[in-house]
Protein chains: 2
Amino acid sequence: MTTNDQLTPGARRILDVASELFYRRGIHTVGVDTIAAESGVTKRTLYDRFGSKDGLVVSYLETRDRRWRDMITARLDAAQGDPLRRVLVPFEVMPEWLGGSERGCSFINAFAELPEPEHEGRKIIVAEKKWLHTLFHELLTEAGAPDPGTLATQLLSLHEGAIVATAIADAPDAAAAVHAAADALVTAVLGGAGPSSATGPT
Amino acid sequence: MTTNDQLTPGARRILDVASELFYRRGIHTVGVDTIAAESGVTKRTLYDRFGSKDGLVVSYLETRDRRWRDMITARLDAAQGDPLRRVLVPFEVMPEWLGGSERGCSFINAFAELPEPEHEGRKIIVAEKKWLHTLFHELLTEAGAPDPGTLATQLLSLHEGAIVATAIADAPDAAAAVHAAADALVTAVLGGAGPSSATGPT
DNA sequence: CGGTAGGTATACAGATCTGTGAAGTCAAGG
DNA sequence: CCTTGACTTCACAGATCTGTATACCTACCG
């Protein structure tokens, strides 16, 4: 595991610049010379801190993964006790997370650029999507949904698809639309009521 | 417009090999030398036929777009008269279209690799997604759905998301799951009955 | 005061990549 | 017969990309 905390000032700037450039212009089209220059840093420093371009790519994906999970878990904690809203948290934060970026999901994009199965970055990408899938599954199970596996896959697909639709098909309403669809699917199964475990609904 | 019909034998092989390699290993990671060698053709021939690597990329996307639309329209014609099934055609063909590939959607992947807005290939990608969006919209309008715009975006998101979920989150049930979800969403609105144009609904 | 961490400056190796130039082969067709 | 189209051979230009080597600077810290 790479820590990514307590980076030196130079490394911090490198990672920030690289994250921006990798996301906006793609990993392969951005060279280390560009990153170093844009960070006001020597290429030597970049290699001293991150070892290689791949190392920097991995750090890029790790920090984005961390930010994503932190955001979701924070919102989940804030929605304690309401299983229906908790399942929909990833849909609620979508507009904020996307922020009108036009470049879609950094993980999906990086997946397209890293076809080698052994690549460390790929494992982070796969883990990120599986994490969301598992999260849906767990929340649905807690809420007492009948077929949490299928519903989790449906929610994951809605979520990822909305990001794609927003970026490529130029559908700015996608986030709101899939939020409504997810709500409809979940409500149809949970009956629009509360949890089935301990506390009574209504 | 490039024709892509009546290619010379060499060009045909080049395009076939390039399509396979671009899809499986990404556009940037595959060089023209590799494509030429794998096609049993000289680099000179490649440039004589396609002008540039970008030209080859555009041909790659064009043919895939063409195949995709042809497949869908053929199935649509075969399902005449049943609006509910017609709307779900893109979901029915998904397993067949994906064919257990593990690399997701060629258009989404290419979108990640072509960040320049002026790039000709990007326009093909955007047009492909918008085409599906519009198709959903039209079919839903024909079927008399109340809010075809929102529902079309939801269906598009489900569709794209399932491809992503299959490839990245390793969810082989995604195609079937989103098919069911799309069915549920459409049925909830169309009441599971026939067209509303001539014959009045319930 | 001396070592170490973080960084600068610069030059360069070595590989790879797109694209071109020039000349030649070979078969089909008018 | 001779032109044209499809393709080969092969060398090479020119750019770019990752990564390294060498030497130096400077602030902080024990």
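Start by selecting Trp97(A), which is partly exposed, with a relative accessible area of 29%. Keep in mind as you click around that this is a predicted model. Now add Trp68(A) to the selection: this one is buried, at a relative accessible area of 3%. A search of the whole structure turns up 6 aromatic pairs over all chains. Trp68(A) and Trp97(A) make a tilted one, with 5.2 Å from centre to centre and 55 degrees between the planes. Colour by helix and you'll see that the pair links distant parts of the chain: Trp68(A) belongs to helix 4 (residues 53–78) of chain A and Trp97(A) to helix 6 (residues 94–98), 29 residues apart.

Next, show Tyr23(A) together with Arg64(A). The arginine lies over the face of the tyrosine, 4.5 Å from the ring centre. Then hop to chain B and pick Tyr23(B), where Arg64(B) lies over the ring face at 4.6 Å from the centre.

While you're in chain B, select helix 2, residues 32–39. Which of its residues are buried? They are Val32(B), Ile35(B), Ala36(B) and Ser39(B). Look down the helix axis: these buried residues fall within an arc of 95 degrees, so they line one face of the helix. The spacing makes sense, because an α-helix has 3.6 residues a turn and residues three or four places apart point the same way. What do the buried residues of helix 2 of chain B pack against? Show helix 1 (9–25), helix 3 (43–50) and helix 4 (53–78) of chain B, and you have the partners. Flip the view to the face of helix 2 turned away from its buried side, and you'll find the exposed residues Ala37(B) and Glu38(B). Just after helix 2 of chain B, stop at Gly40(B), which takes a positive phi of about 65 degrees.

Stay in chain B and pick Arg12(B), found in helix 1. Arg12(B) counts as partly exposed, at 36% relative accessibility. Add Asp54(B) and draw a line between the two C-alpha atoms: they are 16 Å apart in space, with the two positions 42 residues apart in sequence.

Two loop residues are worth a click for their backbone. Glu102(A) has a phi near 75 degrees, a positive value in a residue other than glycine. Look for Glu102(A) in the loop between helix 6 and helix 7 (106–113) of chain A, where it is exposed, with a relative accessible area of 62%. Over in chain B, Asp170(B) is not a glycine either, yet has a positive phi of about 55 degrees. Asp170(B) sits in the loop between helix 9 (148–167) and helix 10 (174–190) of chain B and counts as exposed, at 53% relative accessibility.

Now zoom out to both chains. A turn of 180 degrees and a shift of 0.0 Å along the axis lay chain B on chain A with an RMSD of 0.0 Å. The two copies are thus related as by a two-fold rotation axis. Where does chain B come nearest to that axis, by C-alpha? Select Gly161(B), whose C-alpha is 1.8 Å from the axis. Of the interface residues of chain B, 100% are also interface residues in chain A, so the copies meet through the same surface.

Last stop: colour chain A by pLDDT. The average is 92, and 92% of the residues score at least 70. Residues 194–202 of chain A are below 50, and beyond near neighbours in sequence this stretch has 9 contacts in the model.

Conventions
Residues are numbered from 1 along each chain as its sequence is written. Chains are lettered from A and ligands numbered from 1 in the order in which they are written. This is a predicted model: local features need pLDDT of at least 70, side-chain atom pairs count only at pLDDT 80 or more; totals for chains, interfaces and linings use all residues. Side-chain values use heavy atoms; hydrogens and water are left out. Rings of Phe, Tyr and Trp (its six-membered ring) pair if their centres lie within 6.5 Å; planes under 30 degrees apart count as stacked, over 60 as edge-to-face and the rest as tilted. Helices (H or I, at least four residues) and strands (E, at least two) are DSSP runs, numbered from the N terminus. Buried means under 20% relative accessible area, exposed over 50%, partly exposed in between (1.4 Å probe, protein chains only). A charge sits over a ring if NZ of Lys or CZ of Arg is within 6 Å of the ring centre and within 35 degrees of the ring normal. The arc is that of the directions from the helix axis to the C-beta atoms. Contact means heavy atoms within 4.5 Å. Copies are superposed by least squares on the C-alpha atoms of residues with pLDDT of at least 70 in both. pLDDT is the predictor's confidence in each residue, from 0 to 100.
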